[in-house]
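Biologist: I am new to this structure and would be grateful for a close look at a single part of it. Please describe that part and its surroundings in one connected account.

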Amino acid sequence: VRGGISFPTGNENNFMGVGEFKFEGLAVASKYYSSPIGMIGPHFNTGLVFVNNKSELNLFTYVAGFDLAPIPVFAFSLDLLGRHELDDKDNSGKDIVDLAPGLKWAPFPNTLVQAAVQLPLNKNEGLRPDAVWTLGLGGNF
């Protein structure tokens, strides 16, 4: 279980926050399995986002996907990302669904380099780019 709370900070007229209290609650599940082609890690997250006094911003969200690591230092990832606006008054994009393939590489112990691209599956729903590229570097100590 994962949750988050955002407080009404910023100025929504300057695109700095929504100016409202926001609560997010998610259920998260994942598991790794050994297979003949490597380690497989399916995962699934789903939950709700509620924005006080802004029902048009309330969402149902989900992520479903898996990681496939054919060798311990390298993995492929594939995720289906989605959100459903619970009250889409302005028809700006009630259902957004994207596919996100990616790569993960651990060049050193406790270090991870990630790259992915997010591609819209229903491009005509809402105003969205053709692709969103991400690159990340992480580590622990």
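Modeller: Let us begin with Asn-58, which lies in the loop between strand 4 and strand 5, the latter spanning residues 59-71. The model is a predicted one. Asn-58 counts as buried, because its relative accessibility is 12% and the limit for a buried residue is under 20%.

What surrounds this residue? When its neighbours within four places in sequence are set aside, Asn-58 is in contact with Val-49, Phe-50, Val-51, His-84, Glu-85 and Leu-86. With one of these, Val-51, there is a polar approach: a polar atom of the Asn-58 side chain lies 2.7 Å from the backbone nitrogen of Val-51. By contrast, Tyr-32 is 26 residues from Asn-58 in sequence, and the two C-alpha atoms are 32 Å apart in space.

Val-51 leads from the loop into the strands. Val-51 belongs to strand 4, where it is the bridge partner of Lys-22. Strand 4 covers residues 38-51 and runs antiparallel to strand 2, with nine bridges joining the two. Strand 2, residues 22-30, also pairs with strand 1, residues 2-6, in the antiparallel sense over five bridges. In that pairing, Arg-2 stands opposite Leu-26 of strand 2.

Two further contacts of Asn-58, Phe-50 and Leu-86, help to make a nonpolar surface patch of about 720 Å². The other members of the patch are Ile-5, Phe-7, Phe-21, Phe-23, Leu-48 and Phe-60. Among them, Phe-7 is placed in the loop between strand 1 and strand 2. Phe-7 counts as exposed, because its relative accessibility is 58% and the limit for an exposed residue is over 50%.

Glu-85, another contact of Asn-58, takes part in a salt bridge. Its side chain meets that of Arg-83, with N and O 3.1 Å apart. Side chains of opposite charge can pair when their charged atoms come close. The two partners are covered to differing degrees: Glu-85 counts as buried at 8% relative accessibility, while Arg-83 counts as partly exposed at 32%.

The count of salt bridges comes to five, and two others may be set beside this one. Asp-98 forms a salt bridge with Arg-128, and the closest N and O atoms are 2.4 Å apart. This pair links distant parts of the chain, 30 residues apart: Asp-98 is in strand 7, residues 95-105, and Arg-128 is in the loop between strand 8 (111-120) and strand 9 (132-139). Asp-98 counts as buried at 8% relative accessibility, and Arg-128 is buried as well, with a relative accessible area of 15%. The other example is formed by Lys-123 and Asp-130, whose closest N and O atoms are 3.1 Å apart. Here Lys-123 is partly exposed, with a relative accessible area of 34%, whereas Asp-130 counts as exposed at 57%.

A last detail concerns another asparagine, Asn-110, in the loop between strand 7 and strand 8. Most residues other than glycine have a negative phi. Asn-110, although not a glycine, has a positive phi of about 65°. Asn-110 is exposed, with a relative accessible area of 51%, whereas Asn-58, where this account began, counts as buried.

Note on methods:
Residues are numbered from 1 along each chain as its sequence is written. This is a predicted model: local features need pLDDT of at least 70, side-chain atom pairs count only at pLDDT 80 or more; totals for chains, interfaces and linings use all residues. Side-chain values use heavy atoms; hydrogens and water are left out. A salt bridge is a side-chain nitrogen of Lys or Arg within 4 Å of a carboxyl oxygen of Asp or Glu. Buried means under 20% relative accessible area, exposed over 50%, partly exposed in between (1.4 Å probe, protein chains only). Helices (H or I, at least four residues) and strands (E, at least two) are DSSP runs, numbered from the N terminus. Two strands pair if DSSP finds at least two bridges between them. Patches are made of residues with over 30% relative accessible area and no salt bridge: like charges are joined within 9 Å, nonpolar side chains (Val, Leu, Ile, Met, Phe, Trp, Tyr) within 5 Å. Accessible areas come from the Shrake-Rupley method with a 1.4 Å probe; for residues, only the protein chains shown count as cover. Contact means heavy atoms within 4.5 Å. A polar contact is a pair of N or O atoms within 3.5 Å; within protein, one must be able to donate a hydrogen and the other to accept it, and residues adjacent in sequence count only if both atoms are side-chain atoms.
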